[in-house]
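Biologist: I would like to take a close look at a single part of this model and then follow its surroundings outwards. Please go slowly, as I am still learning to read structures.

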Amino acid sequence: MVAVITGDIIQSRQKEASLWLTALKEVLNQYGTNPKEWEIFRGDSFQLIVTPEQALHISFVIKSFLKSKDINVRMAIGIGEVEYQTDKVTESNGTAFLNSGTCFDGLSKQTLALQSPWQDWDITLNTMLQLASLTMDKWTPKTAEVVLWKLQNPLMSQKEIAESLPKKRQGNISEALKRGGYDELHQLLVYYQKTIVALC
C-alpha cells in the first residue's frame, strides 16, 4: 500500500511563478527525489508518493509551508496499490494513482480530500478534512508559519518555538497555534494514524 498526493496551486496565474514554484520544490524535496518520488507537471500541478501513514501529516506540512508564503494549494490523497512503477512518478500506475486522480477531479470548493479502498472510512475522514480545511484555508502567513514549525517539531515547547522564530514571543506562539487550530489538527492526525495502521 502507498499513498499518492495529487495537488495544484490555487490561482497560480495571479502569483509570480518563480515564488510558488521555488516554494513547492523546496517542500517536496523534503519527501523524496524528483522525478521518482515527486514531480511537477502541467505547470502548477504536482504528484508525490509517500507511505499511507505519512500522507496526512505531509499534506498538512505542504499546506502550512505554502500558506506561510501566502500560497494556497488543493490536494487529494489516494491510497492503494502500485501495479506499475517507473523512474517518473507521473508515469507510474495502480489503484493509489487512480484513487488520487479521481479524488482530485472531484474536488470543488474543498481543498483537501482522500480516497481509499475503504469507503466508510473515507466518508468519516473527508467530513473531518472538510471541517479542518475551513480553518487551514484561512491561515495567514504568520499563523501558517507557527503551525508549520509545530508540525515539524511536535516536541518543541512554545518557548522553544518562540526562540527559534525571529520576532516571536511565547504569547504570539500560543495565540497563533490556537488561531490555526493546531490542537484539533493534531487530534485529527492521531485519529488518522490509529485507523490507517489498523486498515493497512
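Biologist: In which helix is Lys 150 found? Please start from that residue and then show me what lies around its helix.

Modeller: Please keep in mind that this is a predicted model. Lys 150 belongs to helix α5, which covers residues 141-152. Although lysine counts as a charged residue, Lys 150 is buried here, because its relative accessible area is 12% and the cut-off for buried is under 20%. Leaving aside residues up to four places away in sequence, Lys 150 touches Met 156, Ile 161, Leu 177 and Tyr 182. One of these, Leu 177, is 27 residues from Lys 150 in sequence, while their C-alpha atoms are 8.4 Å apart in space.

Leu 177 leads us to a helix that packs against α5. Helix α5 and helix α7 (residues 170-179) pack at an angle of about 90°, and their axes are 9 Å apart. That angle makes α5 roughly perpendicular to α7. On the α5 side the contact is made by Thr 143, Val 146, Val 147 and Lys 150, and on the α7 side by Ile 173, Ala 176, Leu 177 and Arg 179. Sorted by class, this contact holds five nonpolar residues, one polar residue and two charged ones.

Helix α5 also meets α2, which spans residues 52-67. The axes of α2 and α5 come within 8 Å and cross at roughly 145°, and the crossing is left-handed. From α2, the residues in this contact are His 57, Phe 60, Val 61, Ser 64, Phe 65 and Lys 67, and from α5 they are Pro 141, Ala 144, Leu 148, Leu 151 and Gln 152. By class, there are seven nonpolar, three polar and one charged residues in the contact of α2 with α5.

From α2 we can go one step further, to helix α1 (residues 17-28), whose axis comes within 10 Å of that of α2 and crosses it at roughly 150°. This makes α1 roughly antiparallel to α2, and their crossing is right-handed. Here Ala 23, Leu 24, Glu 26, Val 27 and Leu 28 of α1 meet Val 61, Ile 62, Phe 65 and Leu 66 of α2. The classes in this contact are eight nonpolar, no polar and one charged residues. Val 61 and Phe 65 are worth finding on the structure, since they are listed in the contact of α2 with α1 and also in the contact of α2 with α5.

Let us now turn to the sheet. Five strands form an open sheet with mixed pairing, in the order β2-β3-β1-β4-β5. Strands β2 (38-41) and β5 (112-115) stand at the edges, and each has a single partner strand, so one side of each is left without a neighbour in the sheet. From one strand to the next, the twist averages 15°.

Strand β1 (residues 2-9) pairs with strand β4 (residues 73-80) in the antiparallel sense, over eight bridges. Along this pairing, Asp 8 stands opposite Arg 74 in β4, and Ile 9 stands opposite Val 73 in β4. Two helices pack on the sheet as well. Helix α3 (residues 95-105) touches β1, β3 (45-50), β4 and β5, and its direction makes about 145° with that of β4. Helix α4 (residues 119-136) touches β4 and β5, and its direction makes about 170° with that of β5.

Strand β1 also runs antiparallel to β3, to which six bridges join it, and in β3 the bridge partner of Val 4 is Ile 49. In a regular strand, side chains alternate between the two faces of the sheet. In β1, Val 2, Val 4, Thr 6 and Asp 8 point one way, whereas Ala 3, Ile 5, Gly 7 and Ile 9 point the other way, and all are buried. Since eight of the eight residues of β1 are buried, the strand is largely enclosed by the rest of the structure.

Finally, four bridges join β2 to β3, and these strands run antiparallel. Within this pair, Glu 39 stands opposite Gln 47 in β3. The hairpin of β2 and β3 has three residues between the strands, and in this hairpin Arg 42 takes a positive phi near 50°.

Note on methods. Residues are numbered from 1 along each chain as its sequence is written. This is a predicted model: local features need pLDDT of at least 70, side-chain atom pairs count only at pLDDT 80 or more; totals for chains, interfaces and linings use all residues. Side-chain values use heavy atoms; hydrogens and water are left out. Axes are lines fitted to C-alpha atoms, for helices over the stretch in contact, and angles run from 0 to 180 degrees between N-to-C directions. Angles under 35 degrees count as roughly parallel, over 145 as roughly antiparallel, 65 to 115 as roughly perpendicular and the rest as oblique. A crossing is left-handed if the near helix is turned anticlockwise from the far one by less than a right angle, and right-handed if clockwise. Contact means heavy atoms within 4.5 Å. Two strands pair if DSSP finds at least two bridges between them. Buried means under 20% relative accessible area, exposed over 50%, partly exposed in between (1.4 Å probe, protein chains only).
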